[in-house]
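Some labels on a structure deserve a challenge. Here each one is set against its cut-off.

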Amino acid sequence: MEQYLKYVSPMRPVPQHRGHPPRNRRSKNCTGCCSKCQLFVSYLLVIVGILFLALSIWLYFFRGDLIPLIRSDFYIQSIYMAVVCGIFNIVIGFLVHSAVSNRCVLVFYLLMLIVSMILEGCLIYFTFSYHTTYRQELEISLPNDILNNYNSDLNIAKAVNFLQKDAKCCGSNAFNDWPKPEVEDHYLPYAKTVMQRVQYVPDSCCKSTHQRKGCALSDSPNNIFYRGCLPFLKEEVYNNLNFLFTVTAASLVLHLANLLFGCCACFKTDEDEEENPFKDYDQEMHLFD
């Protein structure tokens, strides 16, 4: 046994191949840094995705009664698009752990990032397009809904009543936007009194907290609101569009940063693997020294 051990050379450190430089530790550090930044940005994307879903739920379920008064398709399409972007952000955020350790998943991850960026670009286009025209459209549509569609369309009536209760207003520009019925016989001595007793303002214009049926029979300023609802509706749409635009812009910036870190991690990993192609050959050849 001792004679056999004489001919067995002790283990020596693996020699580096002459034609290839030693491993670059800086490359590994850059790859790890990119992966950590990618994880951090993906966690932020999950938060932004939750904001997308929360904002969409708020606009559709809690403020959805106002949607029939907003005649543009860009508004409702922006809400639907925000739901899709929120789902994409959450899926991308939870997929990052597999993407960091698996090359195929990383490529799929980057493709999902690109698709999500395209959707968010469309959402920014929708919000920006409607942002330039919503004032003129509301100035035309709201008076028309009050004059012509309130008594014929149940959805419009529900939306107008919700708007007047929520904003504590009446009519479009003022309470007298509601058409006042005319008395058949103007020559009666009590015609003026009859005209005052005819209710032409909806009960949702009443100032009282408990709006009973017929509470708006009197159009006195102590009984109903005199200011119109158009300024409130404009401000409501303006704030909602700003919220959607801000969250989408923040998400798009995070997507760009995540795409940059993902490509950096992908390319750096290729360099690390091709940095010393003879590493396995060198480890095996020392057995024959």
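The questions below deal with a predicted model.

Q: What makes C169 and C229 a disulfide?
A: The distance between their sulfur atoms. The cut-off is within 2.5 Å. The sulfur atoms of C169 and C229 are 1.9 Å apart, so the pair counts as a disulfide. The pair links distant parts of the chain, 60 residues apart. C169 sits in the loop between α6 (154–167) and α7, and C229 in the loop between α7 and α8. Both cysteines, C169 and C229, are buried.

Q: Why is the link between C170 and C205 called a disulfide?
A: The two sulfurs are 2.2 Å apart. The limit is 2.5 Å, so C170 and C205 qualify. C170 lies in the loop between α6 and α7 and C205 in the loop between α7 and α8, so the link ties together parts that are 35 residues apart in sequence. About the S-S bond the angle is 80°, and the link of C170 and C205 is right-handed.

Q: How many disulfides does this rule give, and what is the pairing?
A: The count is 3. With the bonded cysteines numbered in sequence order, the pairing reads 1-6, 2-3, 4-5.

Q: Why is C206 called buried?
A: Buried means under 20% relative accessible area. C206 has 1%, so the label buried fits. Where is C206 found? It is in the loop between α7 (191–197) and α8 (230–274). C206 is joined to C215 by a disulfide, S to S 2.1 Å. C215 has 5% relative accessibility, so C215 is buried too. Contacts of C206 beyond four places in sequence include N223, I224 and F225.

Q: Why is C104 called exposed, and C37 partly exposed?
A: Exposed means over 50%. C104 has a relative accessible area of 61%, so C104 is exposed. C37 has 26%, which lies between the 20% and 50% limits, so C37 is partly exposed.

Q: What makes S42 buried?
A: Its relative accessible area is 0%; the limit is under 20%, so S42 is buried. S42 belongs to helix α2 (residues 25–62). Its side chain reaches the backbone oxygen of Q38 at 2.8 Å. The cut-off for a polar contact is 3.5 Å, so this pair is within it. Beyond four places in sequence, S42 is in contact with G93, V96, Y109 and N258.

Q: How do you know that the span of helix α4 agrees with its 29 residues?
A: At 1.5 Å a residue, helix α4 (residues 103–131) should span 42 Å. Its end C-alpha atoms are 42 Å apart, so the two agree.

Key:
Residues are numbered from 1 along each chain as its sequence is written. This is a predicted model: local features need pLDDT of at least 70, side-chain atom pairs count only at pLDDT 80 or more; totals for chains, interfaces and linings use all residues. Side-chain values use heavy atoms; hydrogens and water are left out. Helices (H or I, at least four residues) and strands (E, at least two) are DSSP runs, numbered from the N terminus. The expected span of a helix is 1.5 Å times one less than its number of residues. Buried means under 20% relative accessible area, exposed over 50%, partly exposed in between (1.4 Å probe, protein chains only). Contact means heavy atoms within 4.5 Å. A polar contact is a pair of N or O atoms within 3.5 Å; within protein, one must be able to donate a hydrogen and the other to accept it, and residues adjacent in sequence count only if both atoms are side-chain atoms.
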